[in-house]
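Q: I'd like to learn how to read a structure like this one feature at a time. Could you walk me through it?

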Amino acid sequence: MVSKRWYGKNGKCAFMASDKLAPETIALAADHGGVELKRLLRGDLEAGGFTVLDLGTDGPGSVDYPDYAQAMALALAEGRASRGVLICGTGIGISIAANRFAHVRAALVHDAFGARMARRHNDANVLVMGGRTTGPEIARDCLGIFLSTEFEGGRHARRVAKLAP
Ligand code: RB5
């Protein structure tokens with residue numbers, strides 16, 4: 001559970017975990033195309049009081065994005081994190097890979113509106129962005145909105161339920 005406190009652009013982080021509850025664990029994973037953005041968002045999450053499960057990669061060396069999508073799917077299935085963020089160069093490959101796992105609803109997002117709707121209508125549990133397509137401030141906005149927006153339920157719950165095999 002994440003508090004809805006919104007810190008805006010204070011130069012540090014745009015979002016904070018609730019101080020009343022145990023810190024939520026957010027898993028992060030990226031290929032080499034997303035490693036820099038992952039590093040930035042990890043710092044923001046930690047500054048905001050979240051516990052981060054960093055599944056790699058940790059450097060610029062070339063790796064395969066399906067391996068990181070799979071690591072994310074496993075972490076969520078095992079309850080080691082409640083939600084996650086995946087990043088590759090465009091976000092495309094890693095979102096395709098992540099959505100092959102039935103319990104993952106990975107939303108590739110490019111702006112605040114997409115991030116909000118991914119939570120409100122799709123109950124996305126993984127935010128996906130492109131390290132080569134989305135700038136750092138947009139990405140920070142998207143992450144803050146993803147973490148602070150509730151699923152609307154209702155008719156959307158019926159549709160989300162139909163995603164299950
Ligand atoms: C890696 O070069 C690149 O293909 C990958 O990061 C991603 O953009 C794939 O969809």
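Q: Let's begin with pairing. Which residue in S3 is the bridge partner of Leu28?
A: The partner of Leu28 is Val85, in S3. Do keep in mind that this is a predicted model. The wider pairing here is between strand S1 (residues 25-30) and S3, which run parallel and are joined by five bridges.

Q: And what is the bridge partner of Val85 in S5?
A: Val85 is matched with Leu127 in S5. Just before Val85 in the chain, Gly84 has Val126 as its bridge partner in S5. S3 and S5 are parallel too, with five bridges between them.

Q: Which other strand pairs with S5?
A: Strand S4 (residues 106-108) does, in the parallel sense and over three bridges. Within that pairing, Leu108 stands opposite Val128.

Q: How should I place these strands in the whole chain? How many helices and strands are there?
A: The protein chain has six helices and five strands. Read from the N terminus, their order is β-α-β-α-β-α-β-α-β-α-α. For contacts with a separation of 6 or more, 66% are between residues 24 or more positions apart.

Q: How much of the chain is buried?
A: Of its 165 residues, 40% count as buried. Strand S3 (residues 83-88) is mostly covered, with five of its six residues buried.

Q: Why is S5 described as largely enclosed by the rest of the structure?
A: Because five of the five residues of S5 are buried. To read the faces, start from the general idea: side chains in a regular strand alternate between the two faces of the sheet. In S5, one side carries Val126, Val128 and Gly130, the other carries Leu127 and Met129, and all of these are buried.

Q: Let me zoom in on Met129. Is it buried or exposed?
A: Met129 counts as buried, because it has 30 C-beta neighbours inside 10 Å, and the cut-off for buried is 20 or more. This residue lies in strand S5.

Q: Which residues does Met129 touch, beyond those up to four places away in sequence?
A: Its contacts are Leu37, Ile87, Gly91, Val109, Thr134, Ala139 and Cys142. Take Gly91 as a case of sequence distance against spatial distance: Met129 and Gly91 are 38 residues apart in sequence, yet their C-alpha atoms are 4.8 Å apart.

Q: What about the largest nonpolar core: which residues have the most contacts inside it?
A: That core has 46 residues, and those with the most contacts inside it are Met72, Leu86, Ala98, Val126, Leu127 and Val128. Ala98 makes a good example to trace on screen. Setting aside neighbours within four places in sequence, Ala98 contacts Ala69, Met72, Ala73, Leu86, Val104, Ala106, Val126 and Val128.

Q: Now a contrasting case. Why does Glu36 count as partly exposed?
A: Glu36 has 15 C-beta neighbours inside 10 Å, so it counts as partly exposed. You will find Glu36 in helix H1 (residues 35-47). The C-alpha atoms of Glu36 and Ile87 are separated by 9.6 Å, with their positions 51 residues apart along the chain.

Q: Which residues are around the ligand?
A: They are Asp31, Gly33, Tyr65, Cys88, Gly89, Thr90, Ile92 and Gly93. By character, that shell divides into three nonpolar, four polar and one charged.

Q: Backbone geometry next. Which peptide bond is cis?
A: The bond from Gly56 to Thr57 is cis, with omega near -5°. Thr57 sits in the loop between strand S2 (51-54) and helix H2 (65-77).

Q: Which residue has a positive phi although it is not a glycine?
A: Asp123 does, with a phi of about 50°. Its place is in the loop between helix H4 (112-120) and strand S5 (126-130). Asp123 is partly exposed, with 19 other C-beta atoms within 10 Å.

Q: Last one: where is the pLDDT below 50?
A: The chain as a whole averages a pLDDT of 91, and 90% of the residues score at least 70. Over residues 1-12, however, the pLDDT is below 50, although this stretch has 22 contacts in the model beyond near neighbours in sequence. Where pLDDT is low, predicted coordinates should not be read in detail.

Technical notes:
Residues are numbered from 1 along each chain as its sequence is written. This is a predicted model: local features need pLDDT of at least 70, side-chain atom pairs count only at pLDDT 80 or more; totals for chains, interfaces and linings use all residues. Helices (H or I, at least four residues) and strands (E, at least two) are DSSP runs, numbered from the N terminus. A residue is buried if 20 or more other C-beta atoms lie within 10 Å of its own, exposed if 12 or fewer, and partly exposed in between; C-beta atoms are placed from the backbone. Two residues are in contact if their C-beta atoms, placed from the backbone, lie within 7 Å. A residue is near a molecule or strand if its C-beta atom, placed from the backbone, lies within 6 Å of it. Ala, Val, Leu, Ile, Met, Phe, Trp, Tyr, Cys and Pro count as nonpolar, Asp, Glu, Lys and Arg as charged, and the others, Gly among them, as polar. A nonpolar core is a set of buried Ala, Val, Leu, Ile, Met, Phe, Trp, Tyr and Cys residues joined through C-beta atoms within 7 Å. Two strands pair if DSSP finds at least two bridges between them. pLDDT is the predictor's confidence in each residue, from 0 to 100.
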